[in-house]
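Q: I'd like a close look at one small part of this protein, please, and then a walk through its surroundings.

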Amino acid sequence: MNEKTFTSSNSHHCHGAEKKPIEIYMFIDPLCPECWALEPILKKLQIEYGRYFSIKHVLSGRLAMLNLNKKQHYENIAELWEKTATRTGMSCDGSLWFENPISSPHIVSVAIKAAELQGRRAGIRFLRKVQECLFLEKQNISELDVLEECAEEAGLDVEEFISDIHSDSAAKAFQCDLKITSEMEVQEIPTLVFFNENIEEEGIKITGVYPYQVYEQILLEMLPCSPEKSYPPPIEDFLKYFKLVASKEIAVVYSMSIQEVEKEMKKLKLKQLVEKLPAKYGVFWRYVSK
């Protein structure tokens, strides 16, 4: 595991301060399947210890290389997607790179920063929608009409969002993220960096995707006192809040096997509370609003 400590630089003041005792900088790229694979772990971490930490998503721009020598990279990326999906249970379909490849990764990152201008939660909802469109629906998320649809489904003010995509504010926010990535010497994605309340103290950097217990242990060691663990809500409430989740996400959050998840979800399906969405790898479940 790539884990090291280092002192936080002034660069992360771009994002402002938080009141919770721990702040996690999550360096991601919206096109990265490993970042998508972290979703189940992040959900569990937020449910159990969310009161003790906040997350800042920092866009690393690592896949900007797609703008050059595209064909040369597509086959490798498709293969990575397939391997990641098989290993992690978070489905992503590599055939996108042959059928509907992403033409401009840069605009996707700027769009996420534009969504964040409407609030951090709005940005997180938008990022999730973008990932769903990309990994599950094989849509070209660099097209403006697709991004607009994601913004609408994420509950954003679409008119404001479209305006912000072309604004200096979103472009500068993305440049700030790139600066943080460089100054914190983040070379791979995903990378999580844990900071405590004293920004002059060292943070802990974790590169890659690891079992839930690794992230939990870091939190427990960094918190000044023993935290009180929260427990997940009924599965129906979980689905109602997140709208669309993978069997893998439910399995991780509720410490269940995929078979146990399937059994529970069949009950909700019989009540017409969810619909089953088979994916290339595994299954997703969509909450049905009444």
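Which residue in β5 is the bridge partner of Val193?

A: The partner of Val193 across the bridge is Lys205, in β5. Before we follow that strand outward, a word on what you are looking at: this is a predicted model, in which local features need pLDDT of at least 70 and side-chain atom pairs count only at pLDDT 80 or more, while totals for chains, interfaces and linings use all residues. Numbering starts from 1 along each chain as its sequence is written, and side-chain values use heavy atoms, with hydrogens and water left out.

Let's set the scene. The protein contains 13 helices and eight strands (DSSP runs numbered from the N terminus: H or I of at least four residues for a helix, E of at least two for a strand). Among its 290 residues, 53% are classed as buried; here buried means under 20% relative accessible area, exposed means over 50%, and partly exposed lies in between, with a 1.4 Å probe and protein chains only. If you look at contacts (heavy atoms within 4.5 Å) between residues at least 6 apart in sequence, 72% of them join residues at least 24 apart.

Now to Val193 and its strand. β4 covers residues 191-195, and five of its five residues are buried, so β4 is largely enclosed by the rest of the structure. It helps to remember that side chains in a regular strand alternate between the two faces of the sheet. In β4, Val193 shares a side with Thr191 and Phe195, while Leu192 and Phe194 are on the other. Both of these faces are covered, with each of the named residues buried.

What lies alongside β4? Two strands pair with β4 in the antiparallel sense, namely β2 and β5 (pairing requires that DSSP finds at least two bridges between the strands). Strand β2, residues 22-28, is joined to β4 by five bridges; if you would like a pair to find on screen, take Ile24, whose bridge partner in β4 is Phe194. Strand β5, residues 202-207, pairs with β4 over four bridges, and the match of Val193 with Lys205 that you asked about belongs to this pairing of β4 with β5.

Next, step back along the chain to the loop that leads into β4. This loop lies between α9 (168-183) and β4, and Pro190 is found in it. The peptide bond from Ile189 to Pro190 is cis, with omega near -5°. The loop between α9 and β4 also holds Glu185, and the phi of Glu185 is near 55°, a positive value in a residue other than glycine. Is Glu185 buried or partly exposed? Glu185 counts as partly exposed, because its relative accessibility is 47%.

There is a second loop to set beside that one. Gln272 also has a positive phi, of about 60°, although this residue is not a glycine. You will find Gln272 in the loop between α13 (258-270) and β7. With a relative accessible area of 62%, Gln272 is exposed.

From Gln272 the trail leads on to β7 and another set of paired strands. Strand β7, residues 274-278, runs antiparallel to β8 and is joined to β8 by five bridges; one handy landmark is Lys276, which stands opposite Trp285 in β8. The two strands form a hairpin with four residues between them, and Gly282 in the turn has a positive phi of about 80°. Strand β6, residues 244-246, is also antiparallel to β8, with three bridges between β6 and β8, and Leu244 stands opposite Arg286 in β8.

How does β8 itself sit in the structure? Four of the five residues in β8, residues 283-287, are buried, so this strand is largely enclosed by the rest of the structure. To return to where we began, β4 is likewise largely enclosed, since five of its five residues are buried, and β4 is paired with β2 and with β5.
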